[in-house]
Structure formats: C-alpha cells, structure tokens
Amino acid sequence: MTDVLRVALAGLGTVGAGVIKLLDANRELIERRAGRPIEVVAVSARDRSRDRGVDLSRFAWEDDPADLAAREDVDCVAELIGGADGSALALARDTLAAGKSFVTANKAMIAHHGLELAEAAEKAKVALKYEAAVAGGIPVIKGLREGAAANEITSVYGILNGTCNYILTEMEAKGSDFADVLAEAQRLGYAEADPTFDIDGIDAAHKLAILASLSFGTALDFDTVATSGIRRVIAEDILEARALGFKVRLVGTAEAAGGKLFQRVHACLVPRDHPLAHVAGSLNAIVAQGNFVGRLFFEGAGAGEGPTASAVVADLIDIARGEYGPAFAMPHARLTQAEAIEAGDRRGRAYLRFTVHDRPGVLAEITAAMRDANVSIESMIQRGGAEPSEDSDDVVSLIIVTHEGPERCVIDALERLKGAQSLAGEPMLMHILDL
Ligand SMILES: NC(=O)C1=CN([C@@H]2O[C@H](COP(=O)(O)OP(=O)(O)OC[C@H]3O[C@@H](n4cnc5c(N)ncnc54)[C@H](O)[C@@H]3O)[C@@H](O)[C@H]2O)C=CC1
Ligand SMILES: N[C@@H](CC=O)C(=O)O
Ligand code: NA
C-alpha cells in the first residue's frame with residue numbers, strides 16, 4: 001500500500017468538480033479518517049479551459065480518459081463521465097485489468113455491466129465501488145451491503161430520482177409547468193446529460209436494478225424492470241391525488257419471493273401518511289424490509305454536486321483504508337438468477353384518469369369495461385363540464401379509484417377501452433403504493 005492514495009478523475013462536471021472541492025475542503029479530516037492522504041494526481045474531461053471553480057493546474061491532464069488507467073502514478077480511478085458504454089466502460093475495464101481500484105457514480109454502466117466489472121475486480125483483487133450511483137449522497141449501498149448483510153430482505157423500494165421528485169414537488173407546491181421545473185432541475189445539476197433518462201424512469205430503473213441485486217443477492221437484471229416515468233402526470237393528477245389523500249411520486253419497487261423477482265418504476269399515488277410522501281425536492285428515500293432488522297428508511301440528497309461528491313469520496317476513503325469487499329451482496333458467482341414476476345400477477349389498487357367526451361353514455365361504456373374485466377370501483381369523480389349533450393365537443397376528466405384486485409384486471413379493462421368512442425385521450429394509470 002502506498003503512503004498516499006493517488007487518484008485519477010475522469011469527468012469534471014457537476015460531480016467531478018465537486019469531488020475536487022470536497023477533497024480540498026476536508027483534506028485533513030479525510031486523511032485522519034482514511035489513514036493516509038488522498039491526492040488527485042491526474043484528470044481528464046472534454047474541455048480543458050472551462051472554468052469549474054477549481055484550480056486544475058496542479059494535476060496532470062489527459063485528453064483521453066483511457067490514458068488515466070495506465071499511468072504509473074495512479075492507484076485508483078474515479079469515473080465521473082457517465083453513459084453505460086463508451087469511454088466510461090472502456091476506462092472501467094482498463095482500470096480493473098491494470099489491477100487498480102475503480103470508483104464510479106455511473107448507475108447506467110453498473111446496471112448494464114456491473115457483473116462483468118465485479119468479476120474483473122474480484123479477479124484483480126481490487127475494489128469496485130459505486131456508492132454515488134444510487135441515491136447520490138445517501139449511504140444506501142453500504143447500508144444494504146454491509147449494515148443489513150445479516151438479513152433476508154424481501155422488499156426494497158423508494159424515490160430514486162431527484163429530478164423527478166423535484167419536478168413533482170414543485171408542480172405540487174407552486175402549480176408550475178413541467179417544462180419550467182425540468183429546466184431548473186437541469187440548471188441545478190440534478191438531471192442526467194440526457195434528461196429523458198430521468199423523466200422516463202430509466203435512471204430510477206438503473207438504480208432499482210442495483211438495489212434489487214444488493215438486497216436479494218440476485219444477478220443484476222435491468223431488462224425486466226417495468227419502467228415508466230412522469231411525462232404523463234399533469235397538474236390535475238396532483239390535485240386529484242391530494243383530494244383523495246395521496247401525493248404523486250415516482251417510485252421504484254423491487255420484491256423477491258420464492259426465487260422470483262418483481263421490479264417496477266412508475267408514477268404512483270403514495271398515501272399522505274407514508275414516509276415517502278414527505279420526501280420533497282431533489283431528496284431521495286429508500287425503504288428496505290429485513291427479516292430481523294425490520295423496516296429501514298434511508299433519506300437524503302439523491303443528486304447535486306456536494307452530496308454526490310460525498311459518496312464518491314466515501315468510496316475513496318474505503319479504498320484508502322484497504323476495505324475491498326465484494327461489489328454486490330456476495331462474490332459475483334454466488335448471485336442467483338431469478339425469474340421475473342409479471343406486473344399483472346400482483347394485486348393492488350389503481351388510480352385511473354380518463355379524458356372523456358362530455359356526452360351521455362360515457363360513464364356506462366367505461367364502467368361496463370370495468371365490470372367485464374372484473375375491476376371493482378371504489379370511487380369515481382367527474383369534474384367540470386356543462387350540461388352533457390349528444391353533440392358536445394367538451395372533454396372532461398373522469399377519475400376512478402379501484403378496490404384492491406389483480407393488476408391484470410385493470411390492464412384488461414384498459415385494453416377493452418382501446419378505441420372507445422367515449423375517450424378523447426389515452427387513459428392515465430397510476431398504481432397506489434401499498435407497501
Ligand atoms: N449530477 C448528479 O447529481 C449525479 C450524477 N451522477 C452520475 O455521475 C456521473 C457524472 O455526472 P455529472 O457530473 O452530472 O455529469 P456532467 O455532464 O456534469 O459531467 C460529465 C463530465 O464528463 C466529461 N466527459 C464526457 N465525455 C467524456 C469523454 N469521452 N472523455 C472525457 N471526459 C468526458 C465532461 O467533459 C464533463 O466534465 C454520471 O454517471 C451521472 O449519472 C450520479 C449521482 C448524481
Ligand atoms: N439525474 C439523477 C442524478 C442522480 O443520480 C437524479 O435526478 O436523481
Ligand atoms: Na448513495
């Protein structure tokens with residue numbers, strides 16, 4: 001072990017610049033905690049001249065991040081570029097093959113290639129660490145992999161995307177428009193380079209797949225995460241949800257039972273008294289249910305410069321201390337393959353918003369589809385609209401909340417309504433959180 005942990009940073013954006021600032025600000029404290037200094041020796045990014053609020057002149061510069069792995073003065077590489085493949089993945093492979101430890105904030109890469117990288121790290125007897133990749137500053141990877149390691153975990157779920165949570169809570173608090181709030185989340189550095197990853201639920205799905213593997217000891221399985229985002233949530237849904245006693249949140253849910261695995265990311269209605277309903281702004285929160293520890297609740301900043309840098313540097317401190325354990329719940333060869341549970345096999349309650357023509361017979365058509373699909377209606381609200389008439393062009397919203405039942409019945413009802421005369425738009429379905 002060298003006297004100093006010599007680090008190379010690839011990527012100097014929100015997170016990379018944050019890591020340099022944190023290492024500068026907390027230098028002495030980090031050295032005492034890590035047992036040796038942690039020094040950045042080399043960096044790489046696309047634009048050398050950009051002002052990032054940090055002095056880069058003290059570091060060696062590489063135009064190509066791939067060259068960082070081979071440098072003799074580097075013990076460990078932190079990849080803060082992003083992207084599942086491309087330069088980030090090449091750098092991960094090269095670093096581990098060179099027998100050096102690797103830290104990343106890149107959930108897309110870990111969700112897609114985590115097992116391959118874990119195997120490479122085990123082979124090289126070095127560390128692969130990715131605390132920042134899930135829920136930014138919240139130490140949930142460590143919490144689950146180490147703190148809860150003695151438990152059988154049966155469910156793990158939570159708010160995993162700061163951008164979506166920021167958008168939903170701003171829409172809720174200020175009645176702001178989706179597009180304006182997204183622009184602000186981008187300005188604050190929460191959003192991914194491609195913000196569709198945030199708003200379409202893909203970023204949360206990456207994180208959920210990682211949490212599921214860590215929690216259940218199953219092999220990473222991003223492809224079977226049923227994923228949808230918040231693009232179709234409108235202000236009216238938020239208002240109706242509030243009137244019904246709920247908040248709208250993008251929730252990732254993973255459950256394991258009998259060797260089977262269920263993973264879903266979706267906008268859902270969270271009961272007002274559930275801890276997740278109080279998670280606001282760019283905060284994230286994760287709930288895990290262990291058979292001995294009971295319910296664990298992790299909450300904190302899931303995105304942004306400082307919190308994400310905090311997680312990256314925590315990983316560097318672990319490496320400086322020589323703490324190298326397996327990247328996932330156990331050595332990669334011991335992870336099990338789980339069969340995916342279809343969403344329709346679950347039971348639950350649902351919120352449905354239909355945009356309907358304000359004409360006689362509309363209710364009958366919709367409720368008949370519900371009856372034929374065996375969906376039991378708990379409540380129904382229709383707002384606005386003048387006197388209904390055969391030739392009305394008015395459209396109104398019809399909100400239905402179902403009783404608990406098989407989810408496949410609700411899907412069946414919506415299938416039956418495809419192309420129905422009554423509908424003036426695509427129905428909106430949100431499940432109601434029941435965990
Ligand atoms: N911003 C946040 O709040 C969080 C980000 N992350 C993850 O951290 C990583 C970095 O995110 P940000 O700092 O927000 O991104 P960013 O877009 O602000 O910065 C990316 C950096 O990588 C550099 N880069 C891009 N392609 C490159 C290439 N081919 N070669 C060399 N440098 C290259 C860019 O020049 C830039 O310096 C991503 O994986 C992201 O998902 C994780 C948690 C939170
Ligand atoms: N874009 C992500 C950043 C952290 O992972 C988010 O908004 O949560
Ligand atoms: Na984290």
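## The parallel sheet and helix H1

Leu9 stands opposite Val43 in strand E2, a good place to start in this predicted model. The two strands involved are E1 (residues 5-10) and E2 (residues 38-44), which pair in the parallel sense over 6 bridges. Both belong to an open sheet of 6 strands with parallel pairing, in the order E3-E2-E1-E4-E5-E6. At the edges of this sheet are strand E3 (60-61) and strand E6 (128-129), each of which pairs on one side only.

Helix H1 (residues 14-25) packs on the sheet, where it touches E1, E2 and strand E4 (76-79). The direction of H1 makes about 155 degrees with that of E2.

## H1 against H12

Helix H1 has a helical partner too: its axis and that of helix H12 (residues 305-321) come within 8 Å and cross at roughly 70 degrees. The two helices are therefore roughly perpendicular to each other, and their crossing is right-handed.

Which residues make this meeting of H1 and H12? From H1 come Thr14, Val15, Ala17, Gly18, Val19, Lys21, Leu22 and Leu23, and from H12 come Glu305, Gly306, Thr308, Ala309, Ser310, Val312 and Val313. Sorted by character, the residues of this contact are 8 nonpolar, 5 polar and 2 charged.

## The two ligand shells

Ligand 1 is surrounded by 28 residues, and the closest are Gly11, Gly13, Arg46, Gly82 and Ala303. Helix H1 turns up again here, since the largest share of the shell, 3 residues, comes from H1. The shell of ligand 1 divides into 12 nonpolar, 12 polar and 4 charged residues.

Around ligand 2 stand Gly136, Asn161, Gly162, Thr163, Tyr190, Ala191, Glu192, Asp198, Asp203, Gly302 and Ala303. By character, that shell holds 3 nonpolar, 5 polar and 3 charged residues. Ala303 is worth finding on your screen: it is among the closest residues to ligand 1 and also belongs to the surroundings of ligand 2.

## H5 against H10

Two packed helices are described by the angle between their axes and the distance between the axes. For helix H5 (residues 107-124) and helix H10 (residues 202-216), the axes come within 9 Å and cross at roughly 50 degrees. H5 and H10 are therefore oblique to each other, and the crossing is left-handed.

On the H5 side, the contact is made by Lys107, Ala108, Ile110, Ala111 and Gly114; on the H10 side, by Asp203, His206, Lys207, Ala209 and Ile210. These residues divide into 5 nonpolar, 2 polar and 3 charged. Asp203 has two roles in this picture, as it takes part in the contact with H5 and is also one of the residues surrounding ligand 2.

## Strand pairs further along the chain

Strand E11 (residues 283-290) and strand E12 (residues 294-301) run antiparallel and are joined by 8 bridges. A hairpin connects E11 to E12 through 3 residues. Where does Gly290 find its bridge partner? The partner is Gly294, in E12.

Strand E19 (residues 428-432) pairs with strand E10 (residues 260-271) in the parallel sense over 2 bridges, and Leu269 stands opposite Ile432 in E19. With strand E15 (residues 350-357), E19 pairs in the antiparallel sense over 4 bridges. There, Tyr351 stands opposite Met430 in E19.

Note on methods: Residues are numbered from 1 along each chain as its sequence is written. Chains are lettered from A and ligands numbered from 1 in the order in which they are written. This is a predicted model: local features need pLDDT of at least 70, side-chain atom pairs count only at pLDDT 80 or more; totals for chains, interfaces and linings use all residues. Two strands pair if DSSP finds at least two bridges between them. A residue is near a molecule or strand if its C-beta atom, placed from the backbone, lies within 6 Å of it. Ala, Val, Leu, Ile, Met, Phe, Trp, Tyr, Cys and Pro count as nonpolar, Asp, Glu, Lys and Arg as charged, and the others, Gly among them, as polar. Axes are lines fitted to C-alpha atoms, for helices over the stretch in contact, and angles run from 0 to 180 degrees between N-to-C directions. Angles under 35 degrees count as roughly parallel, over 145 as roughly antiparallel, 65 to 115 as roughly perpendicular and the rest as oblique. A crossing is left-handed if the near helix is turned anticlockwise from the far one by less than a right angle, and right-handed if clockwise. Two residues are in contact if their C-beta atoms, placed from the backbone, lie within 7 Å.
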